[in-house]
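Here is a brisk report for a reader with the coordinates at hand. Please keep the viewer open while reading.

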Amino acid sequence: MIKRHLVLSLLLLLCLVLMLGGDESRLAKARLLSRSLYYPFLNSLQTIRSIRQARIHNRTLHEQNALLLLRVIDLENRVETLAGSDIPFLPTVQHLIVADVIGFSGSFEQRQLIINRGTQDGLMVNDAVLNNQGAVGKVVAVAPHHATVLPFSHPQFRLGVADARTHVQGILENIGGHQYITMIPIDAQVALGDTVITSNLSTVFPKGVPVGVILKLERHPLHPYRQALLQPFANIGSIEQVIVLLSRKGDSDSLESAGY
Amino acid sequence: MQILRMSALGLAVLYLQLLVLPHITLWHAAPNLLLAWVLLAAMKLPRTPTLLLAFLLGLAYDLTLPLSLGMHATILLLLAELINRLHNSWSKNSPFNVMLAVFLLSVGWEIAKMVFHALAGHGVTATAQQLTIGLLWQTVSGTLALYILLLLDRIRFHVQL
């Protein structure tokens, strides 16, 4: 009888010993057991819990990381926009606006750019369009919220340009899908690799906007002028953003007003 | 061998009770797997190992809640003794009987907890509604857990050398 109840009595006594005392006393006993007999169990429990907490923390960090990544992308886009509007060759431009290319009309060299700015933003026909590499084209049609840009690659585009080194004037035009500087005097000291810029005869562009470099000089036996094949700086096919120079009007005595 | 298996099952149940079940609460009441385990252990094992295992498991549970040190060890010990004494006279063929047994043990568990908290001066915060829903939830989940543990206990591994 005694033997039958011995184990139960001993264990109950142990329970009583553990329960007796205030909170501090129970905590002290729990600490002692946690560091000795039950150390492996409690340690494993703590490890599992810390792994779970680490996973939750990791998930939170992933979310924060994704948000920060979106923020970085947003900031990068803003920097790109600002960098695009920083035009080293136009130090005194008063009014310009950055526009996104939102579409195209026409195909191949007939292609025109559609931008997301219009009369509501102050755009007018014949406003100059460029990017941070150089001249792009000019505005040919404006709606309240969008505008059409005639790029230099279009056959109808004409622009008064000049050799940056010798200041020899010429006209930029598209011949057979390539950009040429025409009307170059035969005796002009134009050389391969020369940079071509917009000339002071242009009513659309201010003087000095880079256009491209001369790749090849040609002369037709029947023509009194030479022409130069140009490698433009701006790549019309991959333009995403442009800058529109708002209305530089007043010069009516120019090549463009005469049809160029 | 049966003692070893029941110890391993008890340890697994304890880990589940501490790590998983607190996330499956109904009205702040988590299922009580320890109750199902002690029921199974008391039916399957001899008395002394059952008491020892119940005490050790209860103490392990207490160490995660050090302010109530000894409470769960005492409850599990007493329940193990009670089941050990009474289970032979209790018909286990009907699931209703099993559920009733789990319910009564849950009631006993809750009463013992309340008494301990009252004696320790911690106060009893559960409302009657919480207690009722908790008991019902523990009865259903405990019964289910008991049948699952019975199923697990039947699994045998044979190693052929």
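The text below covers barrels, helices, salt bridges and a surface patch.

**Status of the model**

This is a predicted model. Local features are described where pLDDT is at least 70. Side-chain atom pairs count at pLDDT 80 or more.

**First barrel of chain A**

Six strands of chain A close into a barrel. The order is 1-2-5-4-3-12, and the pairing is antiparallel. From one strand to the next, the twist averages 45°.

One contact in this barrel joins strand 3 (residues 128-131) to strand 12 (residues 241-245) of chain A. These two strands run antiparallel, with 3 bridges between them. A:Leu130 has A:Ile243 in strand 12 as its bridge partner.

Strands of a sheet pair through backbone hydrogen bonds, in a parallel or an antiparallel sense.

**Second barrel of chain A**

Chain A also has a barrel of 6 strands in the order 6-7-8-11-10-9. Its pairing is antiparallel. Neighbouring strands here are turned against each other by 45° on average, direction ignored.

Strand 9 (residues 195-198) of chain A pairs with strand 6 (residues 158-163) over 3 bridges, in the antiparallel sense. In that pairing, A:Ala162 is matched with A:Ile197 in strand 9.

Strand 9 of chain A also pairs with strand 10 (residues 210-219). Again the sense is antiparallel, with 3 bridges. Which residues of strand 10 face strand 9 in this pairing? A:Val196 stands opposite A:Gly212. A:Thr195 has A:Val213 as its bridge partner.

In a regular strand, side chains alternate between the two faces of the sheet.

**The loop before strand 9**

A:Val190 sits in the loop between strand 8 (178-185) and strand 9 of chain A. Is A:Val190 buried or exposed? A:Val190 is buried, because its relative accessible area is 10%, under the 20% cut-off. The C-alpha atom of A:Val190 is 9.1 Å from that of A:His167. Along the chain, A:Val190 and A:His167 are 23 residues apart.

**Helix 3 of chain B**

Helix 3 of chain B covers residues 47-63, which makes 17 residues. At 1.5 Å a residue, the helix should span 24 Å. The end C-alpha atoms are 24 Å apart, so the model agrees with that expectation. How many of the 17 residues are buried? The count is 14, so helix 3 of chain B is largely enclosed by the rest of the structure.

**Salt bridges**

Over all chains, there are 9 salt bridges. Three are listed here.

| Pair | Closest N to O |
|---|---|
| A:Asp74 and A:Arg71 | 4.0 Å |
| A:Asp121 and A:Arg117 | 3.5 Å |
| B:Arg85 and B:Glu81 | 2.6 Å |

Take A:Asp74 and A:Arg71. Both lie in helix 3 (residues 39-85) of chain A. They are 3 residues apart, about one turn of the helix. A:Asp74 is partly exposed, at 31% relative accessible area. A:Arg71 is partly exposed too, at 44%. The contact belongs to a network of salt bridges that links A:Arg71, A:Asp74 and A:Arg78.

Next come A:Asp121 and A:Arg117, whose side chains meet in a salt bridge. A:Asp121 has 25% relative accessibility and counts as partly exposed. A:Arg117 counts as partly exposed at 26%.

The chain B pair sits in helix 4 (residues 71-86). Because B:Arg85 and B:Glu81 are 4 residues apart in this helix, about one helical turn separates them. Are the two partners buried or partly exposed? B:Arg85 is partly exposed, with 45% relative accessible area. B:Glu81 is buried, at 6%.

**A nonpolar patch on chain A**

A nonpolar patch lies on the surface of chain A. Its members are A:Leu6, A:Leu10, A:Leu13, A:Leu16, A:Val17 and A:Leu20. Together they have about 570 Å² of accessible area. A:Leu16 lies in helix 1 (residues 2-19) of chain A. With 46% relative accessible area, A:Leu16 is partly exposed. That value passes the patch cut-off of over 30%.

Terms used: Residues numbered from 1 in each chain as written. Chains lettered and ligands numbered in written order. Heavy atoms only, no water. Patch = residues over 30% accessible without salt bridge, like charges linked within 9 Å, V, L, I, M, F, W, Y side chains within 5 Å. Areas by Shrake-Rupley, 256 points an atom, 1.4 Å probe, with all protein chains shown as cover. Buried < 20%, exposed > 50% of the residue type's maximum accessible area, 1.4 Å probe, protein only. Expected span 1.5 Å × (residues − 1). Pairing = 2+ DSSP bridges. Axes fitted to C-alpha atoms, helices over the stretch in contact; angles between N-to-C directions.
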